[in-house]
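Reader: I should like to work through the structure shown below, asking about one residue and its surroundings before turning to covalent links.

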Amino acid sequence: MRLITAVLLAASVFGATAAQAEMKLTSKDLTSGKSMADAQVFNSFGCAGGNISPELVWSGAPEGTKSFAVMAYDPDAPTGSGWWHWSVFNIPANTSKIATGASGEKKLPAGAVEGHTDFATSGYGGACPPAGDAPHHYQFTVYALSVDKLPLPDTAPGAMVGFYVRANTLAKASIEVTYGR
């Protein structure tokens, strides 16, 4: 009974609904709890990966969803504020997938905007933790939003995109992977 009460309390505090619990995120390129493949690792800063954005497929968005956003974040980066690896916003509400490599190939859904990463560029920037660190966690999250568009330029940094995304979130789903070197 206490667990149910805690879940209901958390849901009311964070504005969650039963419909939100149904949102799911899957990927052929990322497996929750597993290590990230070299294809999704950055190709600079001492890393030698493919820097290919992963496939993301989502379902179960709640009624009232007007757009989506995708964000990739490393909370373990030794910056004091984590590291933003990717932000895509203004993804149309009729979208449920981003294909592998869509960022680098400029094949995102029409109208979608990529913000700047903490690498100071737009587009996907893969994992590249400092050599010798314990494996970092990489959180890929899709957000169902209550607005058609976020009022942000394509130069918006991840933290700013995150602020607007969280202010307009109806539901979200995540995959967390790890990577170390």
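Reader: Leaving aside its neighbours within four places in sequence, with which residues is Glu-114 in contact?

Author: The model is predicted. In it, Glu-114 lies in strand S6, which covers residues 113-114. Beyond its neighbours within four places in sequence, Glu-114 is in contact with Trp-86, Ser-87, Val-88, Phe-89, Ser-103, Lys-106, Leu-108, Ser-122, Gly-123, Tyr-124 and Asp-154.

Reader: Which side chain of opposite charge is nearest to Glu-114, and how far away is it?

Author: Glu-114 is buried yet has no salt bridge. A salt bridge requires a side-chain nitrogen of Lys or Arg within 4 Å of a carboxyl oxygen of Asp or Glu, so a distance of 4.1 Å does not qualify. The nearest side chain of opposite charge is that of Lys-106, at 4.1 Å.

Reader: What is the length of the polar contact that joins the side chains of Glu-114 and Ser-103?

Author: The side chain of Glu-114 makes a polar contact of 2.8 Å with that of Trp-86. Another polar contact joins the side chains of Glu-114 and Ser-103, and its length is 2.5 Å.

Reader: How many residues apart are the two cysteines of the disulfide, Cys-47 and Cys-128?

Author: One disulfide is found in the whole structure, and Cys-47 is joined to Cys-128 with an S to S distance of 2.1 Å. This pair links distant parts of the chain: Cys-47 is in the loop between strands S1 and S2, Cys-128 is in the loop between S6 and S7, and the separation is 81 residues.

Reader: Is the link of Cys-47 and Cys-128 right-handed or left-handed?

Author: Both Cys-47 and Cys-128 are buried. The angle about their S-S bond is 95°, and the link is right-handed.

Key:
Residues are numbered from 1 along each chain as its sequence is written. This is a predicted model: local features need pLDDT of at least 70, side-chain atom pairs count only at pLDDT 80 or more; totals for chains, interfaces and linings use all residues. Side-chain values use heavy atoms; hydrogens and water are left out. Helices (H or I, at least four residues) and strands (E, at least two) are DSSP runs, numbered from the N terminus. Buried means under 20% relative accessible area, exposed over 50%, partly exposed in between (1.4 Å probe, protein chains only). Lys and Arg count as positive and Asp and Glu as negative; His and the chain ends are not counted. A polar contact is a pair of N or O atoms within 3.5 Å; within protein, one must be able to donate a hydrogen and the other to accept it, and residues adjacent in sequence count only if both atoms are side-chain atoms. Contact means heavy atoms within 4.5 Å. A disulfide is a pair of cysteine sulfur atoms within 2.5 Å.
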